[in-house]
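Grab a coffee and work through these exercises with the model open beside you. Each one sets a task and then walks through a solution.

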Amino acid sequence: MRFIAGLALAGCLLFFFPAISLAQPATESGRTLVVGVYHNPPKLRAAEDGSPSGILGELLVEIANREGWQLQAVSCDWIYCLRFLQEGEIDLLPDMAYTDQRAESFSFHQVPALYSWSQLYGQGGVLVTDIADLADHRIAVLSGSVQQSYLQQKLQQHGMEAELVPTESLAEGFALLQAGRVELVAANHYFGQQLASRHQLQVSPWLFQPSQLFYASRRDQQLDVLQQIDTYLQRWQQQPDSPYYQILSRWGAAELESSGMQRHYRNLLLFVVSLLLLVFGGAVVLRWQVKEKTRHLQASEARLNTILDTVDAYIFIKDTQLCYQYVNKKVAEFFQCTPEEALGHNDFAFFDHATAQQLQANDREVLEHGERKVREEENTTSDGRLTRHFLSVKIPLRKPDGQVYALCGISTDVTEHRQQQQAIHQLAFYDALTGLPNRRLLLDRLQQAFALHQRQQQQGALMFIDLDHFKDLNDTLGHAVGDELLVDIANRLQQGIRSCDTLARLGGDEFVLLLQELPDDEQRAWQRVQVIAEKVLQLLNQPVQLQQQSYQLSASIGVAMLSDGDSVDALMQRADMAMYDAKGRGRNRVRFFNQQMQIDVTERTVLTNRLRQAIENAEFYLVYQPQFDQQQGITGAEVLLRWQHSEHGHYAPADFIPIAEATGLILPIGHWVLQQSCRLLADWAKEPGCQHWQLAVNISPRQLHDAHFVEQLTAILQQTEAPAERLLLEITESQLLEDTELALQHIHQLAAMGIRFALDDFGTGYSSLQYLKTLPLKQLKIDASFVRDLLQDSSDEAIVRTILALGQSLELEVIAEGVETAAQFKALYQMGCRQFQGYYLARPGTLEQLYQHSPSHPG
């Protein structure tokens with residue numbers, strides 16, 4: 001009866017929904033509301049960023065956006081949320097069922113936001129049809145909930161003994177059920193139905209505690225907010241395309257909330273039919289006993305048959321031998337015979353052997369125990385042509401003395417409904433490409449695993465798997481081939497994991513493996529995880545065939561044990577952190593989270609905040625490394641950035657430049673460097689002794705790929721009136737590997753303005769010769785790594801000679817950096833190099849120190 005009763009109740013509730021249309025509410029902007037959020041999906045939950053989510057969470061966010069309210073979410077278990085509201089620490093709590101007792105402490109709005117009812121869920125073997133079936137059972141209930149108070153009251157009224165086990169959250173209650181510590185869980189049907197289908201739980205058909213759900217505030221507080229919520233609910237519930245019904249649809253609740261009169265009428269009709277069947281059974285007996293009423297009974301039977309043949313249900317009567325005594329038209333059509341031909345036969349004549357055996361076992365329970373039974377049955381015809389799912393309600397028919405002489409069954413075909421539910425469940429909880437669980441299902445299972453770990457110290461681990469260089473392969477071969485690869489990877493990983501583990505795809509090339517049922521000893525659990533991780537690595541290292549070519553794959557794997565974090569979010573972050581550590585150490589390896597990683601991240605965060613303050617406080621300054629020509633002497637300088645913190649002293653560029661790059665702070669810093677450099681070039685243009693000097697400025701990848709870079713640099717040149725031809729922008733080959741087309745476009749635009757470009761670290765990249773042909777270069781820089789071992793390594797010498805020859809052939813200037821000894825200078829000069837920079841000639845310094853290297857400069 002669970003399915004039918006659920007639909008009927010939803011239909012009745014919606015039928016009596018308020019039909020009042022109000023005017024558009026006034027807005028109150030700038031108001032902050034502290035909202036309690038506890039875990040009760042799909043009605044309420046916290047999103048990944050902590051904001052309210054679920055049906056009632058998203059509905060509140062929608063109203064807040066229109067009203068200009070700022071929502072500050074506080075995640076808490078139900079009992080603490082209730083306490084926070086009562087003590088005034090939060091302003092609003094969604095998803096509170098109205099009771100007279102609660103109305104003494106809290107204020108509610110008028111229009112219910114949702115309707116709900118409660119059911120009991122178990123592992124099997126415990127079927128509750130009324131309060132009497134609860135005797136001697138352990139039942140998990142949410143502490144402070146309406147379910148707890150209702151069951152306590154009913155057990156006391158009936159003088160029954162049953163143990164109610166309070167929990168702080170519904171998830172905890174279902175975790176206790178999975179662990180076998182309780183036999184039943186009492187929950188609202190929204191939350192319960194999700195877990196019931198996911199974990200194959202038995203749902204008791206007993207419905208109790210119908211509730212109206214509201215947003216609640218502390219008594220006589222936030223009354224204007226509640227009034228505004230009422231205004232929106234009254235209007236939106238009358239508009240089928242309103243945000244209210246859109247949110248219900250997104251969370252899979254629209255069917256329950258918007259069934260309307262059609263389902264209400266259908267279920268009322270089924271109820272009437274069941275009563276008519278009782279009349280029909282009585283008519284059969286009366287026909288035997290009262291001969292003078294034969295005509296009347298025959299007419300009644302004809303009318304009843306007409307009704308039973310027109311309803312959209314499968315109605316039948318079986319005797320104690322389980323042979324059909326009556327079937328309506330729907331049953332006969334399913335059997336592919338006439339109603340008369342079905343009479344006297346049992347289920348073996350119409351269904352396959354397994355189906356017939358199960359149906360007869362179900363029927364015997366009704367006949368032997370004389371009890372009404374509700375079951376979902378999967379029935380396959382005897383020829384195997386058709387399999388359908390039915391929700392069957394079977395009741396015993398009794399003689400006046402109470403003896404059961406037959407059973408009456410009413411079955412509803414729920415095949416399409418099940419298929420739709422399975423499709424919705426698949427879309428909601430599984431990845432469309434690979435069929436693996438998605439982030440939503442992973443987080444749910446991780447929450448359960450984490451709860452068990454905290455309560456029972458069960459060991460577990462979270463493994464982040466990220467494919468190395470997948471983006472390059474995806475861009476090269478196309479997204480279709482990339483999708484084919486991801487499916488292949490998913491299949492490989494599934495073959496290598498245990499049935500108790502959960503493999504999920506978060507998106508892109510990121511996979512996550514949740515490992516459970518590990519050894520109790522922490523060290524042994526860690527060793528088991530390491531073995532599994534190495535096995536996964538080996539699976540991914542096997543070559544894969546794509547477009548008739550073999551590709552070698554690798555992956556970076558990060559692992560966090562469940563004991564590494566104090567929350568699900570912390571575990572996810574730490575496994576991700578370990579994965580990035582594996583990438584930073586060369587990829588194709590496994591790294592376990594350790595405390596040093598957290599320290600590094602914390603230090604990185606602190607340094608990022610100090611960088612922001614340094615920009616505001618103007619803590620950066622420039623130094624200049626002179627550049628020399630063998631004939632002309634000093635030709636200019638390379639601009640170098642330095643940072644002197646007011647409290648922590650000097651920071652080396654190698655410590656803060658990578659962080660500035662990663663956070664995007666390099667953009668304002670680089671803009672400042674270019675402004676200072678162009679102002680200096682403008683000053684030099686007025687000095688006869690240094691009019692010919694140039695400034696070399698390193699450009700970061702973020703700057704070069706910034707859409708506004710060309711526009712900003714053009715504005716700087718115009719404002720400072722600096723000569724563009726004296727500005728030399730140094731770029732590296734690595735800057736061109738990502739979004740090459742945009743980078744080349746910016747370089748050519750700037751070159752057309754007269755700005756010159758140098759290729760820094762030449763010879764250390766991947767495709768130097770290609771860029772020599774496509775870039776408007778004026779200079780090549782011999783990397784210091786080649787100069788350092790020039791006199792000891794013949795390979796370095798050969799590379800330097802090659803770069804010099806290329807520069808001469810392509811009419812490019814060549815400058816050697818990192819010249820630190822006289823021997824290096826002499827060797828480079830003998831090879832034909834004529835431009836130099838390095839400590840041997842001059843160290844980086846201030847402008848005054850730069851001018852000291854030029855006798856012609858007046859300063």
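**Exercise 1. Find the partner in E23 of Ile465, then place its strand among its neighbours**.

Step 1. Go to Ile465 and look across to E23: the bridge partner there is Ile557. Helices (H or I, at least four residues) and strands (E, at least two) are DSSP runs, numbered from the N terminus.

Step 2. Count along that pairing. E18 and strand E23 (residues 555–561) run antiparallel and are joined by 7 bridges. Two strands pair if DSSP finds at least two bridges between them.

Step 3. Now look for another pairing. E18 also pairs in the antiparallel sense with strand E20 (residues 510–515), over 6 bridges. Here Ala461 has Leu515 of E20 as its bridge partner.

Step 4. Check how covered the strand is. Of the 7 residues of E18, 7 are buried, where buried means under 20% relative accessible area, exposed over 50%, and partly exposed in between (1.4 Å probe, protein chains only).

Step 5. Sort the residues by face. In a regular strand the side chains alternate between the two faces of the sheet. One side of E18 has Ala461, Met463, Ile465 and Leu467, the other has Leu462, Phe464 and Asp466, and all are buried.

A word on the ground rules: this is a predicted model, in which local features need pLDDT of at least 70 and side-chain atom pairs count only at pLDDT 80 or more, while totals for chains, interfaces and linings use all residues. Residues are numbered from 1 along each chain as its sequence is written, and side-chain values use heavy atoms, with hydrogens and water left out.

**Exercise 2. Track down some backbone oddities.**

Step 1. Start with the general expectation: most residues other than glycine have a negative phi, and most peptide bonds are trans.

Step 2. Inspect the bond from Pro41 to Pro42, which is cis with omega near 5 degrees. Pro42 sits in the loop between strand E1 (32–37) and strand E2 (45–46).

Step 3. Move to His469, a residue other than glycine whose phi is positive, near 55 degrees. Its place is the loop between strand E18 (461–467) and helix H18 (470–477), and His469 is partly exposed at 48% relative accessible area.

Step 4. Then try Glu811, also a non-glycine residue with a positive phi, near 55 degrees. You'll find Glu811 in the loop between helix H30 (794–809) and strand E32 (813–816). Its relative accessibility is 73%, so Glu811 counts as exposed.

**Exercise 3. Work out what surrounds Glu168 and Lys373.**

Step 1. Locate Glu168 in the loop between strand E9 (163–167) and helix H6 (170–178). With a relative accessible area of 30%, Glu168 is partly exposed.

Step 2. List its contacts (heavy atoms within 4.5 Å). Leaving out residues up to four places away in sequence, Glu168 touches Asp77, Trp78, Ile79, Tyr80 and Leu142. Glu168 and Trp78 are 90 residues apart in sequence, yet 6.3 Å apart in space, C-alpha to C-alpha.

Step 3. Look for a polar contact: a pair of N or O atoms within 3.5 Å where, within protein, one must be able to donate a hydrogen and the other to accept it, and residues adjacent in sequence count only if both atoms are side-chain atoms. The side chains of Glu168 and Tyr80 make one, at 3.3 Å.

Step 4. Repeat for Lys373, which lies in strand E15 and is buried, at 15% relative accessible area. Its side chain makes a polar contact with the side chain of Glu371 (3.3 Å). Beyond neighbours within four places in sequence, Lys373 is in contact with Glu365, Val366, Ser392, Val393 and Lys394.

**Exercise 4. Which strands and helix each supply at least two residues of the lining of the largest cavity?**

Step 1. Go through the elements one by one. They are strand E5 (93–97), strand E7 (114–122), helix H5 (146–157), strand E10 (184–188) and strand E12 (208–218).

Step 2. Split the lining by class: 10 nonpolar, 8 polar and 3 charged residues. Here Ala, Val, Leu, Ile, Met, Phe, Trp, Tyr, Cys and Pro count as nonpolar, Asp, Glu, Lys and Arg as charged, and the others, Gly among them, as polar.
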